[in-house]
Each structure stands twice: as structure tokens, then as C-alpha cells.
Amino acid sequence: MARTRSRDQASFPHLGPLEVPIPISTGIARLRRENDGSVLLEVNDVPSSHLHPDPVHLVFEYMRWMLLAVDQCIGPDRAAGLQIAHLGGGGCSLPRALAARYPSARQVVVEVDGVLAEQVREWFDLPRSPQLRIRVDDAARALSSWRDVRFDVLVRDVFAGATTPRDLTGLTAARNAARVLREGGVYLANCAAPPGTGMLADEIATLSRAFAHVGIIAEPAHLSGKRRGNCVLVASQAPLPESMDRALRSDAVSVRWARTAQVRSLADAGRVQED
């Protein structure tokens, strides 16, 4: 047992104090150590990130789906020198995984909380710039400021409370996302839509105005609107890989790649979110 504790502590040797509130710019953070040596980061009492000693072991399901989507959408001929941007940082679980999977990639993470950005880099020994750069800024402002055709992958994982800010779900944000992507690039958005709100349909309708191809990764109950859950929206100007559904079936959760007819039905039912 002593050896286990020692190994777990060594996995994050610069970790901050556990189980106590830690002041950050936007409130408080809290670190909780799990039995497997992983660490749960809470921000204002809401689970924000879960980091495992193995960087590519992602505990949050939707992050596993995002990593899989990158693997499926980015072919081996494009793996070298990937340019990846993240709107929303938290503990940088996904950027850390992508750095391990694609060591030559260059990533920028936009995080609004400056204190948290400094702390997580130290706590979790994140790769340094240029492999992983953290930009302290508002996500929508950063998105609008980036030049055209800059990134291969753009990830949106931003929440204010339980919802994504409107300035990141509207048509302007969708068009900016399309604008900053290179040819064949892919946009991945975390959508947590409460049942009965129509938020998922609205997001699909809005993205469909800016992208030629839109897909959804979700558990069946989430896709049908029966309960709240994290869905991953996948958008690109290039056709999305047909292998996505087969690859998803290896996940521990019963998750599916929505059929084209389902996506179109949602887009037709939704309302484009004008700014």
C-alpha cells in the first residue's frame, strides 16, 4: 500500500493541496486524488477536468470521443506538425492527451482564468510552449482574432455554469470556427443540452450554416433528448469519416455516431442562432 501511495504521488509531484479550496481568478478550485492516482479538478464545485497519470487515459467520456474523432479525421499524412486550438482549458486534460499522441503538434489553449492557467501548468507538468501554449483571454475574443486558415483542429469546451456562452454558439462563432480551419480541418464542440430545450437542434442548425458536414457523437438517450449529457458535435468542410461509428463502438460507454438522417432531422427542427 505504501508503494502505491508513493507511485501515485510521483505521478503529479507538483500537485497543489488536496481537498481544500484554492483561490483562482473566477472563484475557487479544488483538487481531489482518486484511488488510481488520477486527480479530479473542480472549479466552483463543478467537475472541470480529470487527469490520469497516463496522459492518453481520459476519464471524461466526451474527451475520449474527441480524441477518437481527431484520430479518425486527421490522417497519418497530416499527423506531423498539427496545429490545434482549444477554446476552454481547465486542467488541460485533452491538450495533454493530444500532446502525448501527437508529439510534433503545436497547441494553443485559451483559458479565461489567469491564476488557474498558471496553477494547472505547474500541478500537472503540462508540456511547455510551443508544444502547448496557454493564452489567458476570453474564448470568443480569441476566436475572432485568429487569422484565416490557421488550425487543423479546433476544440470548444467552454461553460459558464452549466451552459456554453451564447457568443460561442451563435452563427458568428460558427463562421469564425470555419474561417480559422485549414482545408480538411475539423471543429469539435462539447454540447451539454438539457432535455426539452432544443439546444442540440439549434446548435446543429447553426453549424450547418457554416460547415458542409456536421455529425454528432452521443449516447442514444442524449441524442433522443431523454436526458442531459455531453454530446460532441463534429463539423468540417470535408466529408466526415465513415469509420467513426465503428471506432466508437470500442468505447466503454454505449455511444453512437448519429446517422445522417438524424442529423438532418435535428437541423431542420432547430433554429439558427443569429447574433
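A disulfide is a pair of cysteine sulfur atoms within 2.5 Å. The model you are looking at is predicted, so local features need pLDDT of at least 70 and side-chain atom pairs count only at pLDDT 80 or more, while totals for chains, interfaces and linings use all residues. Residues are numbered from 1 along each chain as its sequence is written, and side-chain values use heavy atoms, with hydrogens and water left out.

**Exercise 1. Cysteines**

Find how many disulfides the structure holds, and work out why Cys 73 has no bond to Cys 231.

Step 1. Recall the chemistry: a disulfide is a covalent bond between the sulfur atoms of two cysteines.

Step 2. Take the count, which is 0 disulfides.

Step 3. Look at Cys 73: the closest cysteine sulfur, in Cys 231, is 17 Å from its own, too far for a bond.

Step 4. Check the surroundings. Cys 73 is buried at a relative accessible area of 15%, and Cys 92 is buried too, at 1%. Here buried means under 20% relative accessible area, exposed over 50%, and partly exposed in between, with a 1.4 Å probe and protein chains only.

**Exercise 2. Salt bridges**

Count the salt bridges, then locate the partners of Arg 32, Arg 78 and Arg 179.

Step 1. Set the rule: a side-chain nitrogen of Lys or Arg lies within 4 Å of a carboxyl oxygen of Asp or Glu. The count comes to 13 salt bridges.

Step 2. Start with Arg 32, whose side chain meets that of Glu 19 at 2.4 Å, N to O. Arg 32 belongs to strand 2 (residues 27-33), and Glu 19 to the loop between helix 1 (2-11) and strand 1 (22-24), 13 residues apart. Helices (H or I, at least four residues) and strands (E, at least two) are DSSP runs, numbered from the N terminus. Arg 32 is partly exposed at 27%, and so is Glu 19 at 42%.

Step 3. Go on to Arg 78, which forms a salt bridge with Asp 152, the closest N and O atoms being 3.3 Å apart. Arg 78 sits in the loop between helix 2 (61-73) and strand 5 (83-87), and Asp 152 in strand 8 (residues 151-156), so this pair ties together parts 74 residues apart in sequence. Arg 78 is partly exposed at 22%, whereas Asp 152 is buried at 6%.

Step 4. Finish with Arg 179, which meets Asp 148 at 2.7 Å, N to O. Arg 179 is in helix 6 (residues 171-180) and Asp 148 in the loop between helix 5 (139-145) and strand 8, so parts 31 residues apart in sequence are tied together. Salt bridges that share partners also join Glu 19, Arg 32 and Glu 42 into one network.

**Exercise 3. The sheet and helix 6**

Trace the open sheet of 8 strands, then place helix 6.

Step 1. Follow the order 7-6-5-8-9-11-10-12, with mixed pairing. Two strands pair if DSSP finds at least two bridges between them.

Step 2. Find the edges: strand 7 (132-136) and strand 12 (256-257) each have a single partner strand, so one side of each is left without a neighbour in the sheet.

Step 3. Inspect strand 12, which pairs with strand 10 (residues 213-218) in the antiparallel sense over 2 bridges. Trp 257 of strand 12 is the bridge partner of Ile 217.

Step 4. Add helix 6, which lies across strand 8 and strand 9 (181-192) and runs at about 145° to strand 9. Axes are lines fitted to C-alpha atoms, for helices over the stretch in contact (heavy atoms within 4.5 Å); angles run from 0 to 180 degrees between N-to-C directions.
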